[in-house]
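Here is a short tour of a protein model for the bench. Have the sequence and the 3D view open side by side as you read.

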Amino acid sequence: MVRHSKRYLQAASKVDPEKVYDPNEALALIKSLPPAKFDESVEIAVRLSIDPKKTDQLVRGAVSLPKGLGKKVKVIVFAEGDKAAAAKAAGADEVGAAELAEKIQGGWTDFDIVITSPDMMKHVGKLGKVLGPQGKMPSPKSGTVTPDVAAAVKEFKAGKVEFRTDAGGNVHALLGKRSFTVEDLRANLQAFLDHVSSLRPAAAKGEFFRKVSVSTSMGPGVRIAWEVVHA
C-alpha cells in the first residue's frame, strides 16, 4: 500500500478527482498546491485510444517545446570526425564511438538523451538491453538518429522532449517547471498535444485522447479538458 506524505494529502484534498478542469485552471491549481522543497517539474500524462500490443498503433516522437524545460539536459552523441566536432561545438556533454558504448555497457547511464549518426548504429545497436528499458534508445522517429547530430543537440538542449507509448497505451512528458508562468506552461502543453495528435495511427478508434492529466512531480494529477486546448 502506497503511503503519501502529509503535504501530498493536503494537495490532493484541493483537487476534485471527478472534475475535468479547463487547462489554464488546472495549471494554476497545480502551481497553488503545497510545494515540495525544490522547483518541481510539471508533467503531462495522456491515455491514448490505441492497442499498445499492436506495433502499428504505437506512438513515438519528439517535439520542441516553445518555452523550454527549465532544466539542464545531458546529451551524449555517437559520432566521429567532423560530426563529432560539430556535436561538441553544439553543446554535447560527451561524444564518442566504440569507447562510449563500452562505458555505457559498463554501467554508466548519467545522461538524458542519446543522439547518434546513422553510421554509428553499429555501436549503439549493441546497447538495446541497457538503453531500451530506460527509454533512451535512439530512433529516427524521435530525431535522435540523424546525420545532422549538431542540430539535434541544439534542439534537445533547448527543450525538445521525447515520448513513447508505454505498456498501458499512455505517453508521458515534461512540460517545464512549477516556477513557469501558467502562460508558458499552457504554450508547452499546446505544442505537446498538437504534436501527439498529429501522430494518430490510422487504426486508432474513437477519441484519440481518452484522458489527459497534468501534475507536479510530487503532486496529484489534475484532469484537463483537452478539447479546450484544440479549440
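Let's begin at the largest pocket, where the strands β2 (60-64), β6 (160-164) and β7 (170-177) each supply at least two residues of the lining. Please keep in mind throughout that this is a predicted model. Of these contributors, β6 gives the largest share of the lining, five residues.

**The two pockets**

How much space lies in the largest pocket? The volume comes to about 480 Å³. Its lining is made up of 21 residues, and those nearest the centre are Asp 112, Ile 113, Gly 135, Glu 162 and Phe 163. If you sort the lining by class, you find eight nonpolar, five polar and eight charged residues.

The second largest pocket holds about 150 Å³ of space. Around it you can pick out Thr 55, Leu 58, Val 59, Arg 60, Ser 139, Lys 141, Arg 164 and Thr 165. This lining divides into two nonpolar, three polar and three charged residues.

**Aromatic rings**

Now to the rings. A pair of aromatic rings is described by the distance of the centres and the angle of the planes. The model has four aromatic pairs. One of them joins Trp 108 and Phe 111, whose ring centres are 5.0 Å apart with 55° between the planes, a tilted arrangement. Another joins Phe 209 and Trp 226 edge-to-face, at 5.2 Å from centre to centre and with 80° between the planes. Phe 209 belongs to strand β8 (residues 209-216) and Trp 226 to helix α9 (residues 226-229), so this pair ties together parts that lie 17 residues apart in sequence. Both of these partners, Phe 209 and Trp 226, are buried. Through ring pairs, Phe 208, Phe 209 and Trp 226 are linked into a cluster.

Two of the rings just met also have a lysine over the face. Lys 103 sits over Trp 108, at 4.2 Å from the ring centre. Lys 136 takes up such a place over Phe 111, at 4.7 Å from the ring centre. Phe 111 itself counts as buried because its relative accessible area is 2%, under the 20% cut-off.

**A helix to check with a ruler**

Does the span of helix α8 agree or disagree with its number of residues? Helix α8 (residues 182-198) has 17 residues, which at 1.5 Å a residue should span 24 Å, and its end C-alpha atoms are 24 Å apart, so the two values agree. The buried residues of α8 are Val 182, Leu 185, Arg 186, Asn 188, Leu 189, Ala 191, Phe 192, Leu 193 and Val 196.

**Three places to compare**

Finally, here are three residues to find in the viewer. Gly 106 lies in the loop between α4 (98-105) and β5 (113-116), while Asp 93 is found in the loop between α3 (81-90) and β4 (94-96). Phe 209 has its place in strand β8. The table sets each beside a partner from elsewhere in the chain.

| Residue | Partner | Separation in sequence | C-alpha to C-alpha distance |
|---|---|---|---|
| Gly 106 | Val 130 | 24 residues | 9.9 Å |
| Asp 93 | Val 77 | 16 residues | 8.1 Å |
| Phe 209 | Val 59 | 150 residues | 12 Å |

Which of the classes buried, partly exposed and exposed does Gly 106 fall into? Gly 106 counts as exposed because its relative accessibility is 67%, over the 50% cut-off. Asp 93, at 34%, falls between the 20% and 50% cut-offs and therefore counts as partly exposed. Phe 209 has a relative accessible area of 3%, which is under 20%, so this residue is buried.

Val 59, the partner of Phe 209 in the table, is also one of the residues that line the second largest pocket.

Methods. Residues numbered from 1 in each chain as written. Predicted model: local features only at pLDDT ≥ 70, side-chain atom pairs only at ≥ 80, totals over all residues. Heavy atoms only, no water. Phe/Tyr/Trp six-rings, centres within 6.5 Å; stacked < 30°, edge-to-face > 60°. Buried < 20%, exposed > 50% of the residue type's maximum accessible area, 1.4 Å probe, protein only. Helix = DSSP H or I, 4+ residues; strand = E, 2+ residues; numbered from the N terminus. Lys NZ or Arg CZ within 6 Å of the ring centre and 35° of its normal. 1 Å grid on protein atoms, 1.4 Å probe; cavity = no way out; pocket = protein on both sides within 12 Å on 5 of 7 lines; lining within 4 Å. Points joined across faces, edges and corners; volume = space filled by probe spheres on them. Nonpolar A, V, L, I, M, F, W, Y, C, P; charged D, E, K, R; others polar. Expected span 1.5 Å × (residues − 1).
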